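Let's take a walk through a protein together, one piece at a time. Have the sequence and the 3D view ready, and follow along as we go.

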Amino acid sequence: MFFCDLREVVKPRMWTVWTAPVLLFLVVTGVNISPCDDNGVREVLADQVTVFTCTAEGQVEWRFGYNYSSRFVSLATCESTCEELNDFNNLFKASIVKARHSSSMTIRAVKHRNIVHLTNGSLLCYRMAGAGQGASARCGLHYSQIKSLETVTMLTSPTSEYIGEKEVKVSGFCQFNTTLPREEGQYAFHVSVSPGGRTYYANFTDKYNWITTERPSLPSVSCGPQQYVLETTSATCTCKTSSVGQPAGYLIWIIGDQTDLETAASEGQQNFTSHELHYTHFFTQADHGRTWFRCDVVWGLEKIHGENYIVNIGCISSHAPRVAEFLLNGYKQNQTVNEGQQVNILCKSDGRPTPHISIYNNDNNTVIIRDLSPVNYTFIARCEDTATYTCSAWNEFSRQSGVTSSVSLDLNVRCKPRSHSSTRLGFDMMNHQTEMNFDIIAYPVPHEYHVWFVKSPINNSEDAHNEGKDTMVNITCQSVFRRYLSTCSLRVVNINSLTTGSYKVQVINEAGDENFTVTIDFSE
């Protein structure tokens, strides 16, 4: 009776796939290394001791070769005794079996830190010159971790070939059903037949002895629209994974509700090569808070679960943002404050999910603050803060409905006039008609002005009488671009009545006044 032992062989990650040209068993007449399989390779099992014997007359040298290359390292020389040359920290040990006839090399692969040196290596026995012409034999090393999976009785049947007068050869086969391991790595399966100890590798469809096991990557889900969907609307979800694993798995959608009853949501859509799978669902209000989706990778007998996509269903009337409530210093109307006073802006809106709030300065087209409702914003007023402000509210349902909620209010900051650039203005008379423009910051727009003669360039002294010149100069101011910024026009009405020199111009609004110096020069 024969028995078959199915064994799983784990290949270290750094190994490359062996190809036929490197599986060579070199034997030269007079030199023999054993035991070595017919393919020229012998397995070196993890956590076990493996012994090789070299038979050759005279002195031999044991050598270790890296990756089947021409690079060899001398391990030991043996004749009557063995001299260790390099044992890789006791990984290799040479000894005499029969003086001047045979020696052994033991590989102690028991929890050894240099075990990586066995990867794709080879062991060579070289007969030294002087005992005849130099010759050698080589055997490849196949380091493996092996786990016995199952032992079955071989089913045999006699053949017509006799091996004695009454004994005939038998043929047989063993059948195994097994699953690939879940851990990532490269695996092979071989069957050891006993009695006899012969080992046979299982060949896969790609004609290699080794098969790679790679777990699939975790799938990710994206849906459009996002997690909030209007009722009577269809949403399309896409499941993606960077790898369906090796051997290849496939993607599948799962749909569930509060009872946790799972149903394949993409029945018949399994694609064994695709890394992407789509699913479209029509939603009603009954789906809210109940329906969920998940994308799984089916990999053999295992399902690798992705994250759940939970659906929130809403309607425009009850879930889109309500009309925003916008208050300036607690009031729902336009406000006027003095420069330096504190201003509080409150903007809020109800909806599901909670609306996003944005407060804009419309005049300079900037966003002041953006956050979830409610939003409070406080600042100290400057004249330049005079502007129209808008409170806008929106949530995910706004995108689908195209509806946003916004309210606008005016904030006016009362401030006395001040120069926008310099306090000294100057111009020259031209063709008996003199006029100049200058900008000032003020709110409201200045409504009154006065002009005085200050000094003459001839005596460089102040005019003792500071004679008023209001009737000789006309000043008008108006706001065009922004409410706090006024452009003023100064025009000389009666040139002949004015004297060359400096004049003080006083501009007044209800918040106060400011003086500016203007130089008028009537020289040609």
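**A strand and its partners**

Strand β23 and strand β24 (residues 302-310) are paired in the antiparallel sense, with seven bridges between them. Strands here, like helices, are DSSP runs numbered from the N terminus (E, at least two residues, for a strand; H or I, at least four, for a helix), and two strands pair if DSSP finds at least two bridges between them. Before going further, please note that this is a predicted model, in which local features need pLDDT of at least 70 and side-chain atom pairs count only at pLDDT 80 or more, while totals for chains, interfaces and linings use all residues. Residues are numbered from 1 along each chain as its sequence is written, and side-chain values use heavy atoms, with hydrogens and water left out.

Back to our pair. V297 has I304 in β24 as its bridge partner. The two strands make a hairpin with two residues between them, and G300 in that turn has a positive phi of about 65°. β23 also has a second partner: strand β20 (residues 250-256) is joined to β23 by seven bridges, again running antiparallel. There, W253 is matched with C295 of β23. In general, strands of a sheet pair through backbone hydrogen bonds, either parallel or antiparallel.

Is β23 enclosed or open to the outside? Eight of the eight residues of β23 are buried, so this strand is largely enclosed by the rest of the structure. Buried means under 20% relative accessible area, exposed means over 50%, and partly exposed lies in between (1.4 Å probe, protein chains only). In a regular strand the side chains alternate between the two faces of the sheet. In β23 both faces are covered: W292, R294, D296 and V298 are buried on one side, and F293, C295, V297 and W299 are buried on the other.

Now pick out R294, which belongs to strand β23 (residues 292-299). R294 has a relative accessible area of 8%, so it counts as buried. Its side chain makes a polar contact with the side chain of D296, at 2.8 Å. A polar contact is a pair of N or O atoms within 3.5 Å; within protein, one must be able to donate a hydrogen and the other to accept it, and residues adjacent in sequence count only if both atoms are side-chain atoms.

**A sheet and a cavity**

Next, turn to an open sheet of four strands, with the order β2-β4-β9-β8 and antiparallel pairing. Its edge strands are β2 and β8, each of which pairs on one side only. β8 and β9 run antiparallel and are joined by six bridges; in β9, M105 is the bridge partner of A94.

How many cavities of 30 Å³ or more does a search of the whole structure find? The search finds one, and the volume of the largest cavity is about 40 Å³. On a 1 Å grid over the protein atoms alone, a cavity is a set of points where a 1.4 Å probe fits but cannot get out, and lining residues have an atom within 4 Å of a point. Grid points are joined across faces, edges and corners, and a volume is the space filled by probe spheres set on the points.

The lining of the largest cavity includes C54, A56, C78, I96 and S102. β8 and β9 (102-108) each supply at least two residues of this lining.

**Backbone details**

Let's finish with the backbone. A cis peptide bond, with omega about -10°, joins S34 and P35, and P35 lies in the loop between β2 (32-34) and β3 (41-45). The peptide bond from S373 to P374 is also cis, with omega near -5°. P374 sits in the loop between β30 (366-372) and β31 (375-380).

Two residues other than glycine have a positive phi in the loop between β7 (82-84) and β8 (92-98). F88 has a phi near 50°, and N89 has one near 55°. Are they buried or exposed? F88 is buried, with a relative accessible area of 10%, whereas N89 is partly exposed at 41%.

Note on methods. 1 Å grid on protein atoms, 1.4 Å probe; cavity = no way out; pocket = protein on both sides within 12 Å on 5 of 7 lines; lining within 4 Å.
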